[in-house]
Amino acid sequence: MSHVAPEEITEFSFLAGQARALGAEVPSVRRLTLPLPDGRTLSALRFGDEPIEVALLHGAGLNAHTWDTTVLALGRPALAIDLAGHGDSSWREDADYTGRTLAADVVEALRAWTDRPQVLVGQSLGGLTAAAIAARAPELVRELIVVDITPGVDQSVGPAALREFYRVVDAADLDELVDRAQQFGFGGSREDTARGVFLNTRVRADGRVEWKHHFAHIAARLLDAPPAGSDSSAPAPTILGEHGWADLDAVAAPLTLVRAAHGFVSDDAEREFRTRLPRARVLHLEGSHNLQETAPTALAEIIRSEADSTGS
């Protein structure tokens, strides 16, 4: 980030450098805000001026900017949405960040901001959300691409890593959080990770840097199953939810799972996915869980191919 003076940095300051590295053009980009019926707001990034044909949903603890490099490589109009509790979207007072709950907001957004069925791409928590959208509002989705998540992932491997990562929610400076993100394999190069951390943090009044999304502050509560014998009458919903397989089974659109070589989906989880959903396609990419950051060009090619094959 040294090439940009601190006082000049905005959320779009990094796009030109990312585009140069890819040999791509920088599209027009603007932030959108949608008032929701309950008084919250949903935020998103709108890339390009032509009708939107690709909609992108990030994973837990990320935000719409995680898709920046993928969108630049894609070279298509796209909508990257901040899920509730993330980025510039409102937090939920009930801390319910399960796929079906998040899907309701995104359905409102797709109806407001798009005019045609989308190639809907969801990574991790965004993938479960995308499945719920495709099941609930099939008219909005012409193709579903789920990135490195299934409802059957081993919670002692994938979500447990997130839980451990968010045991530290603040630091003395950005470098500490960048070091931690790289230690856990979240992000690509150090420069890419530093950009992502900058776009996903804020400086508190005491000068410490903290994650700005709600998830960081409640990760253990959301990711841990209720303790055995717990008499809690209202346990917090877990991000995996209870309806993922039913939602995927109800999806009428063509369905693709993109599995990261070093991600959260194990061989067993992939076999279960193939058994339950034999009509779906499974593709493998070299990279870690956040493929939109660790393999953006390859992921963009998959998205482009699906947009071309399913477009009118």
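**Exercise 1. Find the volume of the largest cavity and the residues at its heart.**

Step 1: The largest cavity has a volume of about 370 Å³, the space filled by probe spheres set on grid points joined across faces, edges and corners.
Step 2: Let us see who lines it: there are 29 lining residues, and Leu62, Thr66, Gly196, Asn290 and Glu293 are the closest to the centre.
Step 3: Here is the rule: on a 1 Å grid over the protein atoms alone, a cavity is a set of points where a 1.4 Å probe fits but cannot get out, and lining residues have an atom within 4 Å of a point.

A word on the source: this is a predicted model, in which local features need pLDDT of at least 70 and side-chain atom pairs count only at pLDDT 80 or more, while totals for chains, interfaces and linings use all residues. Residues are numbered from 1 along each chain as its sequence is written, and side-chain values use heavy atoms, leaving out hydrogens and water.

**Exercise 2. Work out which helices build the lining of the largest cavity.**

Step 1: At least two lining residues each come from helix 5 (158–165), helix 7 (190–199) and helix 11 (291–294).
Step 2: Helix 7 gives the largest share, with six residues.
Step 3: Helices here are DSSP runs (H or I, at least four residues), numbered from the N terminus, and strands are runs of E of at least two.

**Exercise 3. Place the cavity in the whole structure.**

Step 1: The search of the whole structure yields two cavities of 30 Å³ or more.
Step 2: Around them, the chain has twelve helices and eleven strands.
Step 3: Of its 312 residues, 55% are buried (under 20% relative accessible area, 1.4 Å probe, protein chains only).

Definitions and conventions. Buried < 20%, exposed > 50% of the residue type's maximum accessible area, 1.4 Å probe, protein only. 1 Å grid on protein atoms, 1.4 Å probe; cavity = no way out; pocket = protein on both sides within 12 Å on 5 of 7 lines; lining within 4 Å.
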